[in-house]
Amino acid sequence: ASSTLGKGGKCTAAELARLCFLTGAAALRMLVYTEDLGAELKRRKQAPKSAGECGGDSLEVDSLGVEDGAEAELEHDTRVQAVVDGEILGGLLGALEPVIVRIVADSEKTYQDPVLREAGSLALCQLMCVSSEKCEAHLPLLFTSLALEKHASVRGNMVVALGDLAFRWPNAVEPWSSQLYKPLRDESPLVRSQCLMVLTHLILNDMVKVKGQVAEMVQSLEDPHPQTADLARLFFQELAKRGNNPVYNLMPDIVSRLSADPNVSREAFRRVMPFLMGFVTKDKHSEALCEKLCYRFSACASLEQSQDVAFCLAQLPLNEKAMRKLDSLIKLFRMSLFDDDVYASFTSLVAKAKKFAKPEMKEAAAEFAKKIEAIHNGREGEEPDEAPGVEGEENAGETEDAENAGDSANGESDKATAAAAAAASDVDKENVGRAGRARRTTAAR
């Protein structure tokens, strides 16, 4: 704090930090006072008037120009916000705003003192809480500073302040909601824990919509810091208690994002997914998720992603209807069944389905098991083998018929040979008789 800033060393880092702190604290104090006064004036206007309440107070209410009805209430809020924007940030505090912005931006790397940077970033966020226009104007600077900041304490303060801004001005922060998840991968355990706490507060209070970025929070289940991992588990347990079960709705996106993320190992993936799949308890959710995951096979860009989807399917509690649906959608994942890992996942699925199933369910599971086994072994489309006894009887019958046909043919051949031999013998006898008669005639002559 002994270093000096600016030309001539007129201001130390500590003094400038005090100025930033006072600026932000004064802005918030004035904001609270103005809003409390506006709420009190609204209460007095809405309360039944009596003769004793008239007088000086009525002059204050009338001075705001407030009328009865919903339009009057809206006009009252607009006037109060105009007072906040024009009076609080329009005077001395507004004049100090460029100084604070310069400290936070620090384009010349002049304001590197950690205490000064903490005070400057906090003061800027406090000014942004006062006015929505200031919030929208300085959000890009705040997120840029968060990404480039070297001090973990400053990043942690910025994360907490962003949570306050999202609660105060949700419409202004909503376009930047994807940036709120990035500190979850910060190198500092303190920043990761604070970011997870802020997001838990915002999501469970419906200040931030739950989207596909929640996959970043799933990775926090494997955080090396035990406190952060426990907080992530608590978040998903509380999220699953909601009526619409957001965990079920987000599951396909979570599977796709984690499977495609090179920073998520297969071991980590297979540790966190059974925990999340445990929140899918209703049969209708299980059936719908089974269908959605089957359609994810066509979007898999690698064999590893297909293996991950098959693993997730094996974690689902499937009923008979889900098994029939899985059988009808076999064409979507038949090309992946050649892989041993994918086939093992489906085999595990079938085994689990048979374990506590009714006879109808066992029959459906058995049929499905035969199909996937045939596809895995490359025998798809072949006719199933007949029973050995039937096959032996048929083969024996065919052999006997063939032997009978052969014997018949041999008999016919022997008859033909005998007839030919008899004909040849008759010809020989006739020839011999002719020769004898010829000799006797010659002798008589």
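Here are some worked exercises on a predicted model of a protein chain.

**Exercise 1. Get the overall picture: how many helices and strands does the chain have, and what share of its residues is buried?**

Start with the secondary structure: the protein chain comes to 19 helices and 2 strands. Next, look at burial. The chain has 445 residues, and buried ones make up 38% of them. Last, check how far apart in sequence the contacting residues sit. Take the contacts with a separation of 6 or more: residues 24 or more positions apart account for 69% of these.

**Exercise 2. Work out how helix 12 and helix 13 are oriented: roughly parallel or roughly antiparallel?**

First, find the two elements: helix 12 covers residues 246–260 and helix 13 covers residues 266–277. Now take the geometry. Their axes are 11 Å apart, and the packing angle is about 170 degrees. Angles over 145 degrees count as roughly antiparallel, and therefore helix 12 and helix 13 are roughly antiparallel to each other.

Then ask which side chains do the meeting. Helix 12 brings Val 247, Met 251, Ile 254, Val 255, Leu 258 and Ser 259, while helix 13 brings Phe 269, Val 272, Met 273, Leu 276 and Met 277. Sorted by class, the residues of this contact come out as 10 nonpolar, 1 polar and no charged.

**Exercise 3. Hunt for enclosed space: how many cavities of 30 Å³ or more are there, and what lines them?**

A word on the idea before the search: rolling a probe the size of a water molecule over the atoms shows where empty space is left. Searching the whole structure turns up 2 cavities of 30 Å³ or more.

Take the largest cavity, which holds about 70 Å³ of space. Its lining is made of Ala 166, Pro 170, Val 173, Glu 174, Ser 177, Leu 180, Met 207, Val 208, Lys 209 and Lys 211. By class, that lining has 6 nonpolar, 1 polar and 3 charged residues.

Now do the second largest cavity, at about 50 Å³. Around it you'll find Val 159, Leu 162, Gln 179, Leu 180, Pro 183, Cys 195, Val 198 and Leu 199. Helix 7 (152–168) and helix 9 (189–204) are the elements that give two or more residues to this lining. Helix 9 supplies the largest share, 3 residues. The class count for the second largest cavity is 7 nonpolar, 1 polar and no charged residues.

**Exercise 4. Place Gln 126: is it buried or exposed?**

Find its element first: Gln 126 is in helix 5 (residues 114–130). Then compare its accessibility with the cut-off. Buried means under 20% relative accessible area, so Gln 126, at 15%, counts as buried. Finally, list its partners. Leaving aside residues up to four places away in sequence, Gln 126 touches Gly 24, Ala 25 and Leu 28.

**Exercise 5. Do the same for Leu 37 and Lys 354: which accessibility class does each fall into?**

Leu 37 sits in helix 1 (residues 13–46), and Lys 354 in helix 17 (residues 340–355). The band between 20% and 50% is partly exposed. Leu 37 has a relative accessible area of 38%, so it is partly exposed. Lys 354, at 34%, also counts as partly exposed.

Next, look across the sequence. Leu 37 and Val 80 are 43 residues apart, yet 9.1 Å apart in space, C-alpha to C-alpha. For Lys 354 and Asn 319 the figures are 35 residues and 9.9 Å, again C-alpha to C-alpha. To finish, Lys 354 touches Lys 362, Ala 365 and Ala 366, not counting residues up to four places away in sequence.

How values were computed:
Residues numbered from 1 in each chain as written. Predicted model: local features only at pLDDT ≥ 70, side-chain atom pairs only at ≥ 80, totals over all residues. Heavy atoms only, no water. 1 Å grid on protein atoms, 1.4 Å probe; cavity = no way out; pocket = protein on both sides within 12 Å on 5 of 7 lines; lining within 4 Å. Points joined across faces, edges and corners; volume = space filled by probe spheres on them. Nonpolar A, V, L, I, M, F, W, Y, C, P; charged D, E, K, R; others polar. Helix = DSSP H or I, 4+ residues; strand = E, 2+ residues; numbered from the N terminus. Buried < 20%, exposed > 50% of the residue type's maximum accessible area, 1.4 Å probe, protein only. Contact = heavy atoms within 4.5 Å. Axes fitted to C-alpha atoms, helices over the stretch in contact; angles between N-to-C directions. Parallel < 35°, antiparallel > 145°, perpendicular 65-115°, else oblique.
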